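Welcome to a short set of exercises on reading a protein model. Have a go at each task before you look at the solution beneath it.

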Amino acid sequence: RQTLSNMPATTEKAVESLDDILNVAKEAAILAGSHIRKAYETSYNDITTEINNDNDDGINATIKSSSTDLVTETDKLCEKVIIQHIQSIYSSHEIIGEESSGSNQYILTDKPTWVLDPIDGTTNFVHKLSLSCVIVAFVLNKEVCVGVVYDPISDEMFWAIKGRGAFLQRFASSSSGDDATSTTNNLPIPIHVSSTKSISKALIATDPGYSRDVTEVTEYLAVQRELLLRNVRNIRTIGSTGLNMAYVSCGRLDASFEEGSWETNRGPKIWDIAAGSLLVSEAGGVTRDLNQSALPTDVPLDLLQRSNFCAATTGLAEEIMDCIKSGRLSKNTQD
């Protein structure tokens with residue numbers, strides 16, 4: 001498994017390079033990942049049959065905005081660890097974190113800003129489903145310049161630097177070879193989105209989010225119905241926006257989307273989508289802003305809005321957005 005001993009040392013720099021920023025992001029993600037692994041593996045020694053707010057099985061979850069929106073002590077610890085590591089090197093930089101920012105609408109300036117989600121996929125983590133990740137992004141002049149998505153259970157790290165492509169690193173514990181300590185296992189592999197252009201050949205990830213309001217549930221199901229009636233190859237609900245976007249960037253998924261808005265307090269936030277938006281674009285894919293009133297649209301993902309949409313190709317993106325448009329119209333007629 002990746003540890004900080006494998007990483008190059010990073011020291012205070014007057015002028016940061018993106019390579020230095022990437023190293024710090026990787027270091028922070030690995031530090032947080034070690035705590036996630038420890039909590040995950042410890043909890044497996046005492047599996048209970050029911051997950052609730054008084055869980056005593058090693059992963060203690062409490063409610064945030066609703067019973068479907070959870071936070072654990074590990075979330076809080078991981079965010080603290082990440083922030084401490086970043087501030088030890090870049091003390092003047094801004095930080096936007098999921099647990100420290102809460103439900104408030106954040107402001108993004110031109111200043112150097114770190115955006116992080118200590119555990120994306122907390123519900124999966126609480127239920128011991130190994131689909132969670134650490135997300136760390138660096139934003140400058142409101143543009144994502146560095147993005148890291150690290151899955152500490154599979155020990156896979158997806159990362160990108162703006163203008164320099166997207167990569168996947170499978171660390172030693174992910175190796176199926178005889179020599180699991182070989183340094184060649186740590187070499188980054190360039191990744192690219194799939195070439196899928198039609199829904200009928202697409203594997204698409206969607207997510208209902210936290211809301212269980214009847215109107216929003218109806219809209220979500222209407223869009224799923226449209227996808228199915230247009231012969232989508234299949235639909236997945238993975239439960240982690242970061243992994244969804246990383247999987248699109250390497251071709252495991254062909255598209256991923258989740259609708260939302262600040263008005264309904266529904267949908268992903270900047271810490272869920274910042275790193276993934278860079279991964280997808282650097283891997284040759286496209287992102288779109290579902291908060292636009294007219295769909296399909298070619299407007300890219302807006303970090304300050306509450307939706308996520310990414311796809312391998314423009315053609316596939318347009319087909320899926322047409323489904324979303326039809327689903328919205330269908331929901332309106334039912335109303």
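**Exercise 1. Find what share of the 335 residues of the chain counts as buried.**

Step 1. Fix the term: buried means under 20% relative accessible area, exposed over 50%, and partly exposed in between, with a 1.4 Å probe and protein chains only.

Step 2. Apply it: 55% of the 335 residues count as buried.

Step 3. Know your material: this is a predicted model, in which local features need pLDDT of at least 70 and side-chain atom pairs count only at pLDDT 80 or more, while totals for chains, interfaces and linings use all residues. Residues are numbered from 1 along each chain as its sequence is written, and side-chain values use heavy atoms, with hydrogens and water left out.

Step 4. Look at the surface: the chain exposes about 14500 Å², and carbon and sulfur atoms supply 49% of this area. The areas come from the Shrake-Rupley method with a 1.4 Å probe; for residues, only the protein chains shown count as cover.

**Exercise 2. Work out how many helices and strands the chain has, then check the span of helix 2.**

Step 1. Helices (H or I, at least four residues) and strands (E, at least two) are DSSP runs, numbered from the N terminus.

Step 2. On that basis there are eight helices and 14 strands.

Step 3. The expected span of a helix is 1.5 Å times one less than its number of residues. Helix 2 covers residues 73–89, which is 17 residues, and 24 Å is expected. From first C-alpha to last, helix 2 reaches 25 Å, close to that value.

Step 4. Among the buried residues of helix 2 are C78, V81, I82, I83 and I86, and also D75 and E79.

**Exercise 3. Describe helix 5, from its start to the residue that follows it.**

Step 1. Helix 5 runs over residues 214–229 and reaches 22 Å, close to the 22 Å expected.

Step 2. At its start, a side-chain oxygen of D213 comes to within 3.0 Å of the backbone nitrogen of T215.

Step 3. After helix 5 comes N231, with a positive phi near 65°.

Step 4. Now pick out E219, which lies in helix 5. E219 counts as buried because its relative accessible area is 12%. Its C-alpha is 9.7 Å from that of E259, although the two are 40 residues apart in sequence.

**Exercise 4. Which residues touch the most other members of the largest nonpolar core?**

Step 1. A nonpolar core is a set of buried Ala, Val, Leu, Ile, Met, Phe, Trp, Tyr and Cys residues joined through side-chain atoms within 4.5 Å.

Step 2. The largest core has 39 residues, and V115, V149, F158 and I270 touch the most other members.

Step 3. Strands 5, 6, 7 and 8 and helices 6 and 7 each supply at least two residues of this core. Helix 7 gives the most, with eight residues.

Step 4. Zoom in on I270: beyond residues up to four places away in sequence, I270 touches I96, Y106, L108, V115 and L303. Contact here means heavy atoms within 4.5 Å.

Step 5. There is also a second, separate core of 33 residues, which includes A28, A32, I36 and L116.

**Exercise 5. Is M157 buried or exposed, and what lies around this residue?**

Step 1. M157 is placed in strand 7.

Step 2. With a relative accessible area of 0%, M157 is buried.

Step 3. Leaving aside neighbours within four places in sequence, the contacts of M157 include K26, A29, I30, V149 and F167. The C-alpha atoms of M157 and I30 are 9.2 Å apart, with their positions 127 residues apart along the chain.

Step 4. Compare E156, also in strand 7. E156 counts as buried at 9% relative accessibility, and its contacts include R170 and R252.

**Exercise 6. Where is T313 found, and what does its side chain reach?**

Step 1. T313 is in the loop between strand 14 and helix 8.

Step 2. T313 is buried, since its relative accessible area is 13%.

Step 3. The T313 side chain reaches the backbone oxygen of T196 at 2.7 Å.

Step 4. Beyond residues up to four places away in sequence, T313 touches S194, S195, T196, K197 and V286.

Methods: A polar contact is a pair of N or O atoms within 3.5 Å; within protein, one must be able to donate a hydrogen and the other to accept it, and residues adjacent in sequence count only if both atoms are side-chain atoms.
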